[in-house]
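Thanks for taking a look at this one with me. Here are some notes to read alongside the picture, with the helix pairs, the sheets and the record entries taken in turn.

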Amino acid sequence: MMKYISTRGMDSRLTGAQAIIQGIAPDKGLYVPEEIPALPFVPGEMTDRSYQEIAKAVIGTFFDDYTAEEMQRCIDGAYDEKFEEKEIVPITEAGGAFFLELYHGKTAAFKDMALSILPYLLTTATKKEHEDKKICILTATSGDTGKAALEGFADVPGTEIIVFFPNQGVSQVQERQMITQEGSNTHVFAIEGNFDDAQTGVKKIFNDRNFAVRLADMGCRLSSANSINIGRLVPQVAYYVYGYIQLIARGVIRDGDPINIVVPTGNFGNILAAYYAKQMGLPVAKLICASNKNKVLTDFISTGVYDTNRDFYLTNSPSMDILISSNLERLLYHLSEGKGPEIRDLMEQLESAKHYEVSAAIRSGLKDFYGGFADVEATNKTIGEMYRNNGYLIDTHTAVAYKVYSDYRETTGDRTPTLIASTASAYKFAESVAKSIGLPEQPDGFRYIEEVASGTGVRVPRGLKDLDKKEVRHSGVIEISQMEDTVAEALRTH
Ligand SMILES: *Cc1c(COP(=O)(O)O)cnc(C)c1O
């Protein structure tokens, strides 16, 4: 059976279900599969299979402690009509690349792919492990994760979900998406502080043993819906495998031919899932890691030095405005010779000195990766050109990926068929998109959505329609010092 171990060397081996419940390891490491399993099928023999069938086989291979019936129920609950496209993940060819559209779920961003199945994986895990406490998901968000987690966990029996977002720190549309959330187990609070304050506050709550005891007395146990949870990472492996199979089905490649994969990267979760697909045996040549102006990863891939001593920029691809990519720790673990102790040492250096340099062994493992970046100006220009030349509308994050890919193709001449992870609907970042394709200025975020809709005719995702007319259900604004009491209070009244 597959076992999960901590990246920082702690001596215990967990089943998939146990690792999903735990979230983060007690030594602060992240859970990784002890060995990455091989693909459970020959891709060329799967061309007539649905997304659900592929996902069930891939996820089931990683979490083989779940029975086939349990996994089937998780898949059925997750990938159903809440996705606006029957294929779940349609692929569009444009500008010499294949866009893997991961944004047709409820919140119009790729985080729905994993957060629609995580609640099922988690509640199944609590049954398997005879965990009788209510699971309380705590999430700090800079915008996208919070809403996707709320939608995923809304009205899921045996769970409560609490989201903290920075007051005035998210876009108008993102805020409205969260504060209008329905579901009797959902709790949303604005905090008087920025995203780092929210994140630090949540981490403090996770590490407070006394608070855990207080919650246990109330019949609750905390868990995480962030991509540090292995239950969020594994479902993402499935769509890269599916994408490869679809390229065979379309006659773009033959089984066994290599492809490249481009991923607009923030916390390194999505591209790590592509790396796992490659390690399973999927014929992936280059993994192209695209960053915005916060290009820590571009520099790291070319030098082997991870350095966060630098300016932080706010860009129009905010889900990639990040200097510490947590999931990189998992890649370093897989590539290292020294394993746990070596990774613990690197992470301690990152905390104390804000930088580290990796070993020769890790550096040589990085040769499968190519890193590049695009600034705001290049991003907007790319959106405009893609729309004018191909009639295809892409969001700011996907535009970063396409720009980096175009640069890569130009400098290397590499013509390998390429999948680009398309991570959000253009409507999620309607203001930047509207301006990039030459539409006039509007007074607020909602008007930009209407303007892009009438200007392009592209369908507005259900979850973003008439947002300004929805009832506000969560209006709490709290001080950072009140976070713990707020959690206790929310859980007591439920
Ligand atoms: C979260 C997010 C990303 C970054 O993904 P990671 O897994 O954190 O690297 C990219 N684009 C969008 C739209 C996102 O919401």
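1. A word on angles before we start: axes are lines fitted to C-alpha atoms, for helices over the stretch in contact, and angles run from 0 to 180 degrees between N-to-C directions. Please also keep in mind that this is a predicted model.

2. Let's begin with helix α10 (residues 230-249) and helix α11 (residues 269-279). Their axes lie 8 Å apart, and the two helices pack at an angle of about 60°. Angles under 35 degrees count as roughly parallel and 65 to 115 as roughly perpendicular, and α10 and α11 are therefore oblique to each other. The crossing of this pair is right-handed.

3. Which residues make the contact between α10 and α11? From α10 come L233, Q236, V237, Y239, Y240 and V241, and they meet G269, N270, L272, A273, A274, Y276 and A277 in α11. Sorted by class, this contact of α10 with α11 has ten nonpolar residues, three polar ones and no charged ones.

4. Now look for the open sheet of six strands, which has mixed pairing and runs in the order β3-β4-β14-β9-β10-β13. Its edge strands are β3 (91-94) and β13 (369-373), each pairing on one side only. On average, neighbouring strands in this sheet are turned by 25° against each other, direction ignored.

5. Within that sheet, strand β9 (residues 259-264) and strand β10 (residues 284-291) are a good pair to inspect. They pair in the parallel sense, over five bridges, and V263 stands opposite C289 in β10. Helix α11, which you met above, packs on this sheet: α11 touches β9, β10, β13 and β14 (418-422), and its direction makes about 175° with that of β10.

6. There is another open sheet to find, with five strands in the order β8-β5-β6-β7-β15 and parallel pairing. Here the edge strands are β8 (220-224) and β15 (476-478), and each pairs on one side only. From one strand to the next, the twist averages 30°.

7. How many bridges join β7 to β15? Three bridges link strand β7 (residues 186-191) to β15, and the two strands run parallel. At this junction, A190 stands opposite V477 in β15. Helix α8 (residues 195-207) packs on the sheet and touches β5 (134-140), β6 (159-166), β7 and β8, with its direction at about 150° to that of β5.

8. Back towards the start of the chain, the axes of helix α2 (residues 51-62) and helix α3 (residues 68-78) come within 10 Å and cross at roughly 130°. The two helices, α2 and α3, are therefore oblique to each other, and their crossing is right-handed. In the contact, Q52, A55, K56, I59 and G60 of α2 meet A68, M71, Q72 and I75 of α3. By class, these residues are five nonpolar, three polar and one charged.

9. Helix α3 also has a partner in helix α5 (residues 118-128): the axes of α3 and α5 come within 9 Å and cross at roughly 150°. That makes α3 roughly antiparallel to α5, since angles over 145 degrees count as roughly antiparallel. The crossing of α3 and α5 is right-handed. Here E70, M71, C74, G77 and A78 in α3 meet Y120, L121, T124 and K128 in α5, a contact of five nonpolar, two polar and two charged residues. You may notice M71 in both lists, as this residue of α3 meets α2 and also α5.

10. Two record entries help to mark out the chain. An unreviewed UniProt entry carries the annotation "domain: Threonine synthase N-terminal" for residues 3-79. In the model, the end C-alpha atoms of that span lie 26 Å apart, and the span is 39% helix and 8% strand. UniProt also places the feature "domain: Tryptophan synthase beta chain-like PALP" (unreviewed entry) at residues 101-408. The end C-alpha atoms of residues 101-408 are 21 Å apart, and this span is 49% helix and 17% strand.

11. One last residue to visit is A361, which sits in helix α15 (residues 360-365). Which residues does A361 contact, leaving aside its neighbours within four places in sequence? A361 is in contact with L335 and E337. The C-alpha atoms of A361 and G340 are separated by 15 Å, with these positions 21 residues apart along the chain.

Terms used
Residues numbered from 1 in each chain as written. Predicted model: local features only at pLDDT ≥ 70, side-chain atom pairs only at ≥ 80, totals over all residues. Heavy atoms only, no water. Helix = DSSP H or I, 4+ residues; strand = E, 2+ residues; numbered from the N terminus. Left-handed = near helix turned anticlockwise from the far one by under 90°. Contact = heavy atoms within 4.5 Å. Nonpolar A, V, L, I, M, F, W, Y, C, P; charged D, E, K, R; others polar. Pairing = 2+ DSSP bridges. UniProt positions renumbered as here; feature names shortened; annotations may be inferred.
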